[in-house]
Amino acid sequence: MEPPSVLATVCASSLGGPVAIGVLTPFRNTLTITAQEPSIGGQALRARLRQQGLGQLYRGWLGPTAAASVQFSCVGPVYFAAAQHLGSAGGVTFAAAVEALVVYAAETRNVQLAHNASGTGGKVSVHSYSRPIGPGFTLFFSRILIA
């Protein structure tokens with residue numbers, strides 16, 4: 001299998017990845033709210049989000065969107081480079097580890113900011129972007145590896 005062209009990689013990383021992750025931020029944040037309050041109905045959720053404004057839906061979007069540029073540009077080339085030396089399974093495992101290290105902090109912080117802004121439960125401390133590993137990292141890596 002041939003690696004994609006440099007132009008295709010640059011386009012996907014600078015446009016496709018960040019746009020997809022940025023657009024999906026409201027869905028991630030809504031899932032955070034509903035995970036904390038499983039009994040909340042659709043109308044109550046819409047009313048709360050309308051009251052809190054559009055900013056609530058996009059809270060914490062910048063970190064995952066910026067990390068997506070690196071994530072979408074490096075995972076493919078990292079896989080191809082690692083697979084040459086480690087075989088297909090080794091390439092997948094190594095690429096999954098790199099992807100997890102790149103996006104864990106940003107995605108964890110996004111969920112924590114959404115939780116703190118939701119007003120449900122107590123506030124949690126917010127994960128630093130400079131710490132690529134933290135609680136739940138092994139499960140996060142496993143999810144990427146399996147996917």
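**Figure 1. How much of the chain is buried.** Buried residues account for 36% of the 147 residues in this chain, which is shown here as a predicted model. The exposed area comes to about 8600 Å², and 68% of that is supplied by carbon and sulfur atoms. If you trace the C-alpha atoms along the principal axes, they span about 50 × 30 × 25 Å.

**Figure 2. The helices, one after another.** You'll find 5 helices and 0 strands here, so to speak an α-α-α-α-α pattern when you read along the sequence. Now look at who touches whom: among contacts with a separation of 6 or more, 69% are between residues 24 or more positions apart.

**Figure 3. Helix α2 and its two sides.** Which residues of helix α2 (residues 42–52) are buried? They are Leu45, Arg48 and Leu49. Seen down the axis of α2, these buried residues fall within an arc of 95°, so they line one face of the helix. Flip to the other side of α2 and you meet Gln43, Arg50 and Gln51, which are exposed. The buried residues of α2 pack against α1, α3 (54–57) and α4 (62–118). Just after α2 comes Gly53, with a positive phi near 90°.

**Figure 4. The largest nonpolar core.** This core has 10 residues. Its aromatic-ring members are Tyr104, Phe137, Phe140 and Phe141, and with them sit Ala67, Ala96, Ala100, Val103, Ala106 and Ile144. Two elements, α4 and α5 (137–146), each give two or more residues to this core. Which of the helices gives the most? That's α4, with 6 residues. In soluble globular proteins, nonpolar side chains tend to be buried together.

**Figure 5. A closer look at Ile144, and a second core.** Ile144 belongs to the largest nonpolar core. Setting aside neighbours within four places in sequence, Ile144 is in contact with Ala96, Glu99 and Ala100. Of these partners, Ala96 and Ala100 are also listed in that core. There is a second, separate core too, made of 5 residues, including Ile33, Ile40, Leu49 and Leu57. Leu49 may ring a bell, as one of the buried residues of α2.

**Figure 6. A nonpolar patch on the surface.** Not every nonpolar side chain here is tucked away: Val19, Val23, Leu24 and Phe27 make a nonpolar surface patch of about 390 Å². One of them, Val23, lies in helix α1 (residues 6–36).

Conventions: Residues are numbered from 1 along each chain as its sequence is written. This is a predicted model: local features need pLDDT of at least 70, side-chain atom pairs count only at pLDDT 80 or more; totals for chains, interfaces and linings use all residues. Side-chain values use heavy atoms; hydrogens and water are left out. Patches are made of residues with over 30% relative accessible area and no salt bridge: like charges are joined within 9 Å, nonpolar side chains (Val, Leu, Ile, Met, Phe, Trp, Tyr) within 5 Å. Accessible areas come from the Shrake-Rupley method with a 1.4 Å probe; for residues, only the protein chains shown count as cover. A salt bridge is a side-chain nitrogen of Lys or Arg within 4 Å of a carboxyl oxygen of Asp or Glu. Helices (H or I, at least four residues) and strands (E, at least two) are DSSP runs, numbered from the N terminus. Buried means under 20% relative accessible area, exposed over 50%, partly exposed in between (1.4 Å probe, protein chains only). The arc is that of the directions from the helix axis to the C-beta atoms. Contact means heavy atoms within 4.5 Å. A nonpolar core is a set of buried Ala, Val, Leu, Ile, Met, Phe, Trp, Tyr and Cys residues joined through side-chain atoms within 4.5 Å.
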